[in-house]
Amino acid sequence: MGRLFLIELEGRIYSCRLCQSHLGIADDIISKAFHSRNSRAYLFDRVVNVTVGEQEDRMMMTGLHTVVDIFCVGCGLPVGWKYEFAYEEDQKYKEGKFILERNQLAGPNVNAFPFVEAFGLVGIPEPVDDA
Ligand SMILES: [Zn+2]
């Protein structure tokens, strides 16, 4: 398997709860009023570091949609789905948008120490006191 090049986000970041790969930022949330079977869910304008599964038609509370499940590229955790097509006229705004399930997310955390995450270290480095 090749080396993974993960995209790093800036801002208030939601990450995969298992491997901490960045998935989306708070500024890209369109709505927090969504639900999945297991969890509250947020509608995002865009997400990063995900792969997509097979396209399928799924009946939801708001009607029939064509969706693909999305998975964390770091660890394979199912994190939500993407709306490819909405059959109901008033649901068209969701096309091309992403759902992330709240219970699969860590955060939001402000990305103040990106190098810590990049090297997989745990915690924040001790400040060096030269006095
Ligand atoms: Zn992950």
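Here follow some questions and answers on the metal site, salt bridges, strands and aromatic rings of this predicted model.

Reader: What should I know about the model before we start?
Author: This is a predicted model, where local features need pLDDT of at least 70 and side-chain atom pairs count only at pLDDT 80 or more, while totals for chains, interfaces and linings use all residues. Residues are numbered from 1 along each chain as its sequence is written, and side-chain values use heavy atoms, with hydrogens and water left out.

Reader: Happy with that. Which residues coordinate the zinc ion?
Author: Donors are N, O and S atoms within 2.8 Å of the metal (3.2 Å for Na, K and Ca), and sites may look incomplete because water is not among the atoms. Here the distances are 2.3 to 2.4 Å, and each donor is an SG atom. The residues are Cys16, Cys19, Cys72 and Cys75.

Reader: What is the geometry of the site of the zinc ion?
Author: Four donors count as tetrahedral if all angles lie between 85 and 135 degrees; four count as square planar and six as octahedral if opposite donors are over 155 degrees apart and all others between 65 and 115, and anything else is irregular. Among the 4 donor atoms of this site the angles are 99 to 117°. The site is therefore tetrahedral.

Reader: How many residues apart are Cys19 and Cys72?
Author: Along the chain, the donors of the zinc ion follow the spacing C-x2-C-x52-C-x2-C. Strands (E, at least two residues) and helices (H or I, at least four) are DSSP runs, numbered from the N terminus. Cys19 lies in the loop between β1 (12-16) and β2 (22-25), and Cys72 lies in strand β6 (residues 63-72), so this pair links distant parts of the chain, with a separation of 53 residues.

Reader: Is Cys72 buried or exposed?
Author: Buried means under 20% relative accessible area, exposed over 50%, and partly exposed in between (1.4 Å probe, protein chains only). Cys19 has a relative accessible area of 29% and is partly exposed. Cys72 has 2%, so Cys72 counts as buried.

Reader: Which residue meets Asp45 in a salt bridge?
Author: A salt bridge is a side-chain nitrogen of Lys or Arg within 4 Å of a carboxyl oxygen of Asp or Glu, and a search of the whole structure finds 5 of them. Asp45 is in the loop between β4 (40-44) and β5 (50-60), and its partner, 52 residues apart, is in the loop between β7 (78-86) and β8 (98-101). At 3.3 Å, N to O, the partner is Lys97.

Reader: Which residues are linked in a network of salt bridges?
Author: One pair in it is Asp69 with Arg58, at 3.2 Å from N to O. Asp69 sits in strand β6 and Arg58 in strand β5, 11 residues apart. At 24% relative accessibility Asp69 counts as partly exposed, whereas Arg58, at 19%, counts as buried. The network is made of Glu56, Arg58 and Asp69.

Reader: Which residue stands opposite Trp81 in β8?
Author: Two strands pair if DSSP finds at least two bridges between them. β7 and β8 run antiparallel and are joined by 3 bridges, while 4 bridges join β4 to β8, also antiparallel. Phe98 and Leu100 point one way from β8, Ile99 and Glu101 the other way, and all are buried. Opposite Trp81 stands Ile99.

Reader: Which are the edge strands of the open sheet of 3 strands?
Author: The order is β2-β1-β9, with antiparallel pairing. Between β1 and β2 there are 3 bridges, and Tyr14 stands opposite Gly24 in β2. The strands that pair on one side only are β2 and β9 (105-110).

Reader: And the rings: how many aromatic pairs does the structure hold, and how are Phe85 and Tyr87 arranged?
Author: Rings of Phe, Tyr and Trp (its six-membered ring) pair if their centres lie within 6.5 Å; planes under 30 degrees apart count as stacked, over 60 as edge-to-face and the rest as tilted. The structure holds 4 such pairs, among them Trp81 with Tyr83, edge-to-face with centres 6.3 Å apart and planes at 85°. For Phe85 and Tyr87 the centres are 4.8 Å apart and the planes at 85°, so the arrangement is edge-to-face.

Reader: Which residues form one aromatic cluster?
Author: One member, Phe44, has Phe98 in β8 as its bridge partner. The cluster consists of Tyr14, Tyr42 and Phe44.
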